[in-house]
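Visitor: Before we begin, I would like to hear the reasoning behind each label, and not the label alone.
Guide: Then let us look at the model together and take the labels one by one.

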Amino acid sequence: MNLSPEEAARALEEVEASRRAMRTAIKSHRGHLHLWLWGCVWMAISTVNWIYGIRALPAVKGIAALGVLASVGIGIVQSRQIRVRLDRRFLAVCATLILFGYGIWPVLLGGFHNYKAASAYMMIIWMQLYIVAGIWFDSCLLWIGIAVTCILMGAVLFLPDFFWASSLLCGLTLFASGFYIRYNFH
């Protein structure tokens, strides 16, 4: 398929418009608040898992549920202030990743070897969304997703005794990236 220079320029303009729209959405919808929130949720989950292991599962579910409620609350408050059109293709990709990540791959792969592996897997699903968002919209999100995934995989493969400490570092990475979004995202 050969593109004319005009078609290529138009396609690049569409990509840049989508990127600007996402940056505007993240900035105007207080994306940094979501990063701070989920960084704190991640650190809390890592801490209770570190202390209690698999016995922490009910607390983990409760903390995650509170995080979802708080995230929805932030979204509702911000959506009343600013309306931004979302990219439906991006949302479809995210929904597909979550469907496969939670519904298909675990069944086909036969589950997990242990609680740490299952936890790492669940965390990496969300980092895939960051990576896709980074590819689609902004490299900052790409690097957050890659950094957290590398920390998790390094811990699972090479430092399993330090997995929860590494997971805590991942939460801190999300939290700290909220400051970058807040003060440097234009």
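Visitor: In which helix is Gly145 found?
Guide: In this predicted model, Gly145 is found in helix H6, which covers residues 139–158.

Visitor: Why is Gly145 called buried?
Guide: Buried means under 20% relative accessible area, and Gly145 has a relative accessibility of 0%, so Gly145 counts as buried.

Visitor: Which residues is Gly145 in contact with, leaving aside its neighbours within four places in sequence?
Guide: With those neighbours left aside, Gly145 is in contact with Met127, Tyr130 and Ile131. Tyr130 lies 15 residues from Gly145 in sequence, yet the two C-alpha atoms are 5.0 Å apart in space.

Visitor: What makes Ser71 buried or exposed?
Guide: Ser71, whose place is in helix H3 (residues 57–81), has a relative accessibility of 17%, and because the limit for buried is under 20%, Ser71 counts as buried. Beyond its neighbours within four places in sequence, Ser71 is in contact with His34, Leu37 and Trp38.

Visitor: Why is Cys40 called partly exposed?
Guide: The relative accessible area of Cys40 is 40%, and partly exposed covers what falls between under 20% and over 50%, so Cys40 belongs to that class. Cys170, by contrast, has a relative accessible area of 0% and is therefore buried.

Visitor: Why does Cys170 form no disulfide?
Guide: A disulfide requires two cysteine sulfur atoms within 2.5 Å. The closest cysteine sulfur to that of Cys170 is in Cys150, at 9.8 Å, which is too far for a bond. By this rule the count comes to zero disulfides.

Visitor: How do you know that the span of helix H2 is close to what is expected?
Guide: Helix H2, residues 31–52, has 22 residues and reaches 31 Å from its first C-alpha to its last, set against the 32 Å expected at 1.5 Å a residue. Just after H2, Gly53 takes a positive phi of about 65°.

Visitor: Which residues touch the most other members of the largest nonpolar core?
Guide: Of the 32 residues in that core, they are Trp42, Tyr130, Leu152, Phe163 and Leu174. The elements that give two or more residues to this core are H2, H3, H4, H5, H6 and H7, and the largest share, nine residues, comes from H5. As for Leu174, beyond its neighbours within four places in sequence, its contacts include Trp42, Met127, Tyr130 and Ile144.

Note on methods:
Residues numbered from 1 in each chain as written. Predicted model: local features only at pLDDT ≥ 70, side-chain atom pairs only at ≥ 80, totals over all residues. Heavy atoms only, no water. Buried < 20%, exposed > 50% of the residue type's maximum accessible area, 1.4 Å probe, protein only. Helix = DSSP H or I, 4+ residues; strand = E, 2+ residues; numbered from the N terminus. Expected span 1.5 Å × (residues − 1). Contact = heavy atoms within 4.5 Å. Core = buried A, V, L, I, M, F, W, Y, C linked by side-chain atoms within 4.5 Å.
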